[in-house]
2 protein chains.
Amino acid sequence: MSGIDIFKVLADPTRRVVLERLATTELTATDLREGFAISQPAMSHHLAVLRAAGLISERREGRFAYYRMAPEGLAPLHYWIARYKAFWPSRIDSLKDLLKEMDQ
Amino acid sequence: MSGIDIFKVLADPTRRVVLERLATTELTATDLREGFAISQPAMSHHLAVLRAAGLISERREGRFAYYRMAPEGLAPLHYWIARYKAFWPSRIDSLKDLLKEMDQ
DNA sequence: ATAACACATAAGTCTATGCTTATGTATGTG
DNA sequence: CACATACATAAGCATAGACTTATGTGTTAT
């Protein structure tokens, strides 16, 4: 029990966008604010929440803080959803099939 | 865009327990209250939220409402997490490996 | 040394949401 | 018919959480 609810962490849309950006690049807190109508402290707090959940990692360099995604942080979610795949209709087993479905 | 945020829906621990119970059995709203210190309207509301998200289905029979899980409702979550598996360390690819990791 | 910068923390506000009790609606039962 | 049961909806409250401005801490630049 980490005491942190990953579902609550990911329930915030801003945090999900942040995570998406950090999946491919390493960015500073200021870089990340671009595109958001959000104050610096607000972003700082979101990053703290994501970090506490193990979803991002931080690299300090002077006065800059570089963040990037920590994919292993999604393991609890992966684990959670995996338990339900036993009941899964086989057609949504693969991403390919899922995308086909979504096109309809 | 369904307008419903599945992450917010699943962010509530009570709703996750409800979902877990409904994965294996079909139960009525009253049955589901067992084990929860929760009022009948509160449970009714949770069920409405889960239903709106497509996570459970309802079968009416007289004055009873039987609920059960609708696994396809998890497809959006499956889809979301799948996008990150590209960045995934291979060791958390399978549930077996994940469980091994969690034992440590 | 002073100032600018990058970020974190603190304090206070506002809204979302989960809860309660009260009431409504439909379906059964004596 | 009257009454109980199963569930939904309404109204109001209380807490959680996302936001703001103000301030603090450490680092680089002039």
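**Close-up views of a protein–DNA model**

**View 1. Tyr67(B) meets a phosphate of DNA strand D.** A polar side-chain atom of Tyr67(B) lies 2.7 Å from a phosphate oxygen of DNA strand D. Tyr67(B) is also listed among the closest residues to this strand. This is a predicted model.

**View 2. Arg63(B) and Ala65(B) also reach DNA strand D.** Arg63(B) uses its side chain: one polar atom there is 3.2 Å from a sugar or linking oxygen of the strand. Ala65(B) uses its backbone instead. One of its backbone N or O atoms sits 3.2 Å from a phosphate oxygen of DNA strand D.

**View 3. Residues of chains A and B surround DNA strand D.** How many residues surround the strand? There are 21. The closest are Ser39(A) and His46(A) from chain A, with Thr30(B), Ser44(B) and Tyr67(B) from chain B. On the DNA side, sugar and phosphate make up 70% of the strand D atoms that come within 4 Å of the protein.

**View 4. Helices and a strand build the surface near DNA strand D.** Chain A offers helix 4 (40–52). Chain B offers helix 3 (29–33), helix 4 (40–52) and strand 3 (64–69). Each of these elements supplies at least two residues. By class, the residues of this surface are nine nonpolar, seven polar and five charged.

**View 5. Chain B packs against chain A.** Here 35 residues of chain B are in contact with 35 residues of chain A. The area buried between the two chains is about 3,300 Å². Carbon and sulfur atoms give 77% of that area. Which residues of chain B lose the most area to chain A? They are Phe7(B), His78(B) and Tyr84(B). Together they account for 17% of what the chain B side buries.

**View 6. A salt bridge links Glu20(B) to Arg83(A).** The closest N and O atoms of this pair are 2.9 Å apart. Across the interface of chain B and chain A there are four salt bridges. The interface also holds eight residue pairs in polar contact, both residues at pLDDT 80 or more.

**View 7. Four helices of chain B give two or more residues each to the side that touches chain A.** They are helix 1 (6–10), helix 2 (13–24), helix 5 (75–82) and helix 6 (95–103). Helix 5 of chain B gives the largest share, seven residues. What classes of residue make up this side of chain B? It has 24 nonpolar, two polar and nine charged residues.

Notes. Residues numbered from 1 in each chain as written. Chains lettered and ligands numbered in written order. Heavy atoms only, no water. Contact = heavy atoms within 4.5 Å. Buried area = accessible area lost by both parts, 1.4 Å probe. Salt bridge = Lys/Arg side-chain N within 4 Å of Asp/Glu carboxyl O. Polar contact = N/O pair within 3.5 Å; in protein donor to acceptor, adjacent residues only side chain to side chain. Nonpolar A, V, L, I, M, F, W, Y, C, P; charged D, E, K, R; others polar. Near = heavy atom within 4 Å.
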